Amino acid sequence: MNAVSKIAISDLTVEERLELIEALWDSLEDDLGLFPAQMEKRDRYLAMIDGPVPESHLAELERRMETFEQDKADSVPWDVFREQLANKYGF
């Protein structure tokens, strides 16, 4: 965590921390090509993990992938969620 240790995360505002989370998430998607609905990309990501993945984790991932399309109907787009957070917490 050398890069993270250089940042005083607790000194960031809530908005700045959310922006950091968003930037980190986007960088994973960009670098690894991750998108939950695409199993082959998930498999490439798992192959990059150093060490074996516990069977219970794989089973949970499979369970989540099976319900992804169904859950997607109940999901909220990031920009809408972010606006809800901003309205609720005033930033």
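**Figure 1. A salt bridge within helix H4, between glutamate 60 and arginine 64.** A salt bridge is taken here as a side-chain nitrogen of Lys or Arg within 4 Å of a carboxyl oxygen of Asp or Glu. In this predicted model, glutamate 60 and arginine 64 meet that criterion, since their closest N and O atoms are 2.8 Å apart, inside the 4 Å limit. The two residues lie four residues apart in helix H4, and are therefore separated by about one helical turn. An α-helix has 3.6 residues a turn, so residues three or four places apart point the same way. Glutamate 60 counts as partly exposed, at 29% relative accessibility, whereas arginine 64 counts as exposed, at 52%.

**Figure 2. The course of helix H4, with its kink at glutamate 66.** Helix H4 comprises 18 residues, 55–72, which at 1.5 Å a residue should span 26 Å; the end C-alpha atoms are 25 Å apart, in agreement with that expectation. The helix nevertheless contains a kink of about 40°, centred on glutamate 66.

**Figure 3. A salt-bridge network of Glu19, Glu22 and Arg82.** Arginine 82 pairs with glutamate 19, the closest N and O atoms being 3.4 Å apart; this pair links distant parts of the chain, with arginine 82 in helix H5 and glutamate 19 in helix H2 (residues 14–32), 63 residues apart. Arginine 82 also forms a salt bridge with glutamate 22, at 2.9 Å from N to O. Because glutamate 22 lies in helix H2 and arginine 82 in helix H5, this second pair ties together parts that are 60 residues apart in sequence. Each member of the network is partly exposed: arginine 82 has a relative accessible area of 23%, glutamate 19 stands at 37%, and glutamate 22 at 23%.

**Figure 4. A nonpolar surface patch that includes tryptophan 78.** Val76, Trp78, Val80 and Phe81 form this patch, and together they have about 330 Å² of accessible area. Tryptophan 78 is found in helix H5, which covers residues 78–89, and is partly exposed, with a relative accessible area of 34%.

**Figure 5. The setting of the close-ups in the five-helix protein.** The protein has five helices and zero strands, following the pattern α-α-α-α-α along the sequence. Of its 91 residues, 9% are buried, and the protein exposes about 7,600 Å², of which carbon and sulfur atoms supply 56%. Among contacts between residues at least 6 apart in sequence, 47% join residues at least 24 apart.

Definitions and conventions. Residues are numbered from 1 along each chain as its sequence is written. This is a predicted model: local features need pLDDT of at least 70, side-chain atom pairs count only at pLDDT 80 or more; totals for chains, interfaces and linings use all residues. Side-chain values use heavy atoms; hydrogens and water are left out. Patches are made of residues with over 30% relative accessible area and no salt bridge: like charges are joined within 9 Å, nonpolar side chains (Val, Leu, Ile, Met, Phe, Trp, Tyr) within 5 Å. Accessible areas come from the Shrake-Rupley method with a 1.4 Å probe; for residues, only the protein chains shown count as cover. Buried means under 20% relative accessible area, exposed over 50%, partly exposed in between (1.4 Å probe, protein chains only). The expected span of a helix is 1.5 Å times one less than its number of residues. The bend at a residue is the angle between axes fitted to the seven residues ending there and the seven starting there. Contact means heavy atoms within 4.5 Å.
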